[in-house]
Amino acid sequence: MMQNGQAKFLAFIDAAVDDANQGKAHALLQESFKAQQAGTFDYQAYLDMKDDLLALVKPDQKDQVEAAMNQFGDQLKKG
């Protein structure tokens, strides 16, 4: 089951990617959400997912999405 923060981030990403890339973005996020819930999503998994997801984001949204993702990544780094 998706957590509230995950649902908000999914909606945020939906607005930041073209319709043609939403399926790919959803697949990436669903995979990472499952790993988070299983406790197997670490900082390296975040870095791998981040690059793939940012490649799908509209150019004018990239800075905003990257900033949000970096906040999450900083939390992962701290443990």
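The expected span of a helix is 1.5 Å times one less than its number of residues. I'm keeping that at the top of the page for the helix checks, and noting that this is a predicted model.

**Entry 1: helix α3**

I tried the rule on α3. With 12 residues, α3 should span 16 Å, and its end C-alpha atoms are indeed 16 Å apart, which agrees.

Next I looked up which residues of α3 are buried, and got Y46, M49, K50, L53 and L54. Looking down the axis, I find the buried residues of α3 within an arc of 120°, so they line one face of the helix. That face packs against α1, α2 (22-38) and α4.

**Entry 2: α3 against α4**

How do α3 and α4 pack, in angle and axis distance? The angle is about 175°, and the axes are 10 Å apart. That makes α3 roughly antiparallel to α4, because the cut-off for this label is an angle over 145 degrees.

I also listed who meets whom. On the α3 side I have Y43, Y46, M49, K50, L53 and L54; on the α4 side the partners include V65, M69, F72, G73 and L76.

**Entry 3: helix α2**

Same length check here: α2 has 17 residues and reaches 24 Å from its first C-alpha to its last, close to the 24 Å expected.

The buried residues in α2 are A25, L28, L29, S32, F33 and A35. They cover an arc of only 165° around the axis, which puts them on the same side of α2. On the other side I noted E31, K34 and A38 as exposed. The cover over the buried residues of α2 includes α1 and α3. Just after α2, I see G39 with a positive phi of about 80°.

**Entry 4: S32 and M49**

I picked one residue from each helix. S32 is in α2, and at 4% relative accessibility S32 counts as buried. Leaving aside neighbours within four places in sequence, S32 is in contact with F41 and M49.

M49 sits in α3 and is buried as well, with a relative accessible area of 9%. What does M49 touch, not counting residues up to four places away in sequence? I get L28, L29, S32, F41 and M69. For M49 and L28 I also looked up the C-alpha separation: 7.0 Å, although these two are 21 residues apart along the chain.

**Entry 5: aromatic pairs**

I count four aromatic pairs, taking ring centres within 6.5 Å as the rule. In one of them, F9 with F12, the ring centres are 5.9 Å apart and the planes are at 40°, so the pair is tilted. Both F9 and F12 lie in helix α1 (residues 4-16), three residues apart, about one turn of the helix. An α-helix has 3.6 residues a turn, so residues three or four places apart point the same way. F12 counts as partly exposed, at 26% relative accessibility.

Then I turned to Y46 and F72. Their ring centres are 6.1 Å apart with the planes at 65°, so I log this pair as edge-to-face. Y46 lies in α3 (residues 43-54) and F72 in α4 (residues 62-78), so the pair ties together parts that are 26 residues apart in sequence.

Are Y46 and F72 buried or partly exposed? Y46 is buried, at a relative accessible area of 2%, whereas F72 is partly exposed, at 30%. Last note for the page: F41, Y43, Y46 and F72 form one aromatic cluster.

Key. Residues numbered from 1 in each chain as written. Predicted model: local features only at pLDDT ≥ 70, side-chain atom pairs only at ≥ 80, totals over all residues. Heavy atoms only, no water. Phe/Tyr/Trp six-rings, centres within 6.5 Å; stacked < 30°, edge-to-face > 60°. Helix = DSSP H or I, 4+ residues; strand = E, 2+ residues; numbered from the N terminus. Buried < 20%, exposed > 50% of the residue type's maximum accessible area, 1.4 Å probe, protein only. Arc of directions from axis to C-beta. Contact = heavy atoms within 4.5 Å. Axes fitted to C-alpha atoms, helices over the stretch in contact; angles between N-to-C directions. Parallel < 35°, antiparallel > 145°, perpendicular 65-115°, else oblique.
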